[in-house]
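Here is a walk through one protein model, written for someone who would rather be at the bench. Have a look at the structure first, then read on.

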Amino acid sequence: MIYILIGLVLLLVLLYFIVTGQEVFGAEAKGERLLRIQQSRYYKDKQFHNISHTPALAEGYSMPKVMFDFLFNKKNPHVKPSSEIPSIHTNLKSFSKDQDVFVWLGHSSYYMQTDGVSFLIDPVLSSYGSPFKFFNKAFPGADIFKPEDIPVIDYLVITHDHYDHLDYPTVKAIKNRVGKVVLPLGVGAHFERWGYKPEQLIEEEWGAEVELKNTISIIFTPARHFSGRKMRRNTTLWTSYVLNTPTKRLFLGGDSGYDTHFKEIGETYGPFDYAIIENGQYNEAWKYIHALPEDVIQASIDVKAKNIIPVHSSKFALALHAWNEPLKKVTSLAESKNLSLVIPMIGQPVDLNSAKHYFEKWWEFE
């Protein structure tokens, strides 16, 4: 009997290494990259750490309870939409270089042009947000953009290496249309395995400031989250960004729970013309790593945002709330505080030079 058990364990270990050895899982840092990671002030005991103590689950929750609720408790009947998400398939290749525009591509993916430079942030243009095609399927209507829709871009910007932010099929497909890749420390190992050249990668940690084209600069700023494409967590860094251009100041929030870093970023780099902040796939159990709608509003106030663009919703069901709850809640909260909220449909262009924005509440179709 003991030999059977040992054999099963060995088989499972072998299966794990076979599965995680596939390209989609990326690569571990080694050599000079690993040395840079080990020298980071945010790296200790073989992993990166948030600025504040950040437990995976909030007080009163346990992993067995969270997993039981997710798998067996009755789900909200509107976790997924009953019909197609309203969306517009805008031709991204039709924009002239002098247009300053933002286009949400669903979830946390968006295309942006400003000051003659193009950016693509966290593109997940597969019909799924996971390492496997059969898991975490996109909602109908939310998956209208494909890798072939992406024009030649100056900068591909990645906030962290989770599958709903860093999609292997997408970044592999657009490789020959990417100028440079901006990404947090450690994530470059994935890209090098996927065929990107080391000289393409702008790979830094919090506090670094890098000059880009057309006198634009990007600053790596903290977020409160975690990372990992395999079982071992936090071997790569996660980040938010401040993007300073000759005409605008933008905050790209990345996945983050609420913390003091938002206020510090606002005081150091704000005010911002636009703050693009994650709003969705939340739960009280993991509020320290994914902001609740009220946290999104407070974070936007902290960073001194003139306009708020909430993302991280309306494409995948990664939590138990109704698919449109994040937009309903954040809209109500913003209206109560007289804040400017910009929520276009997926694919609907936003003129970044416009003083006022108005969009229909398209998420209220059911």
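## Charges, surface and turns

Let's start with Lys329, which is partly exposed, with a relative accessible area of 40%. Before going further, keep in mind that this is a predicted model. Lys329 has a salt-bridge partner, Glu325, and the closest N and O atoms of the two are 3.6 Å apart. Both residues sit in helix H8, and because they are 4 residues apart there, about one helical turn separates them.

### More charged pairs

How many salt bridges does a search of the whole structure find? The count is 12. Side chains of opposite charge can pair when their charged atoms come close.

Glu23 and Lys172 form another salt bridge, with 3.7 Å between the closest N and O atoms. This one ties together distant parts of the chain: Glu23 is in the loop between helix H1 (2-20) and helix H2 (31-39), Lys172 is in helix H4 (residues 168-173), and the two are 149 residues apart. Glu23 is partly exposed at 30% relative accessible area, and Lys172 is partly exposed too, at 32%.

Then there is Asp154 with Lys213, whose side chains meet in a salt bridge at 2.7 Å, N to O. Here again distant parts of the chain are linked, as Asp154 belongs to strand S6 while Lys213 is in the loop between strand S9 (209-211) and strand S10 (217-221), 59 residues apart. Is Asp154 buried or exposed? Asp154 has a relative accessible area of 11%, and the cut-off for buried is under 20%, so Asp154 counts as buried. Its partner Lys213 is partly exposed, with 44% relative accessibility.

The three pairs look like this side by side:

| Salt bridge | N to O distance |
|---|---|
| Lys329 and Glu325 | 3.6 Å |
| Glu23 and Lys172 | 3.7 Å |
| Asp154 and Lys213 | 2.7 Å |

Salt bridges also join up into a network, one that links Arg33, Glu192 and Glu203.

### Two helices side by side

Back to H8 for a moment. Two packed helices are described by the angle between their axes and the distance between the axes. Helix H8 (residues 325-336) packs with helix H7 (residues 293-302) at an angle of about 45 degrees, and their axes are 9 Å apart. What does that angle make of the pair? Angles under 35 degrees count as roughly parallel and 65 to 115 as roughly perpendicular, and about 45 degrees falls in neither group, so H7 and H8 are oblique to each other. The crossing in which H7 passes H8 is right-handed.

### What shows on the surface

Which residues make the nonpolar surface patch of about 550 Å²? They are Met63, Met67, Phe68, Leu71 and Phe72. One of them, Leu71, lies in helix H3 (residues 63-72) and is exposed, with a relative accessible area of 52%.

Follow the chain on from H3 and you reach Pro77, in the loop between H3 and strand S3 (101-106). At 69% relative accessibility, Pro77 is exposed. Between the C-alpha atoms of Pro77 and Tyr43 there are 42 Å, with their positions 34 residues apart along the chain.

For contrast, try Leu250 in strand S12 (residues 249-252). Leu250 is buried, at 0% relative accessible area. The C-alpha atoms of Leu250 and Gly141 are separated by 28 Å, and these residues are 109 apart along the chain.

### Backbone oddities

Which residues does a cis peptide bond join? Gly270 and Pro271 are the pair, with omega about 0 degrees. Pro271 is in the loop between helix H6 (261-269) and strand S13 (274-278).

Positive phi values turn up in two places worth a click. Asn136 is not a glycine, yet phi there is positive, about 60 degrees. Asn136 is in the loop between strand S5 (117-121) and strand S6 (153-157), and its relative accessible area of 11% makes it buried. His312, likewise a residue other than glycine, has a positive phi near 75 degrees. His312 is found in the loop between strand S14 (308-311) and H8, and His312 is buried, at 0% relative accessible area.

Technical notes: Residues are numbered from 1 along each chain as its sequence is written. This is a predicted model: local features need pLDDT of at least 70, side-chain atom pairs count only at pLDDT 80 or more; totals for chains, interfaces and linings use all residues. Side-chain values use heavy atoms; hydrogens and water are left out. Patches are made of residues with over 30% relative accessible area and no salt bridge: like charges are joined within 9 Å, nonpolar side chains (Val, Leu, Ile, Met, Phe, Trp, Tyr) within 5 Å. Accessible areas come from the Shrake-Rupley method with a 1.4 Å probe; for residues, only the protein chains shown count as cover. A salt bridge is a side-chain nitrogen of Lys or Arg within 4 Å of a carboxyl oxygen of Asp or Glu. Buried means under 20% relative accessible area, exposed over 50%, partly exposed in between (1.4 Å probe, protein chains only). Axes are lines fitted to C-alpha atoms, for helices over the stretch in contact, and angles run from 0 to 180 degrees between N-to-C directions. Angles under 35 degrees count as roughly parallel, over 145 as roughly antiparallel, 65 to 115 as roughly perpendicular and the rest as oblique. A crossing is left-handed if the near helix is turned anticlockwise from the far one by less than a right angle, and right-handed if clockwise.
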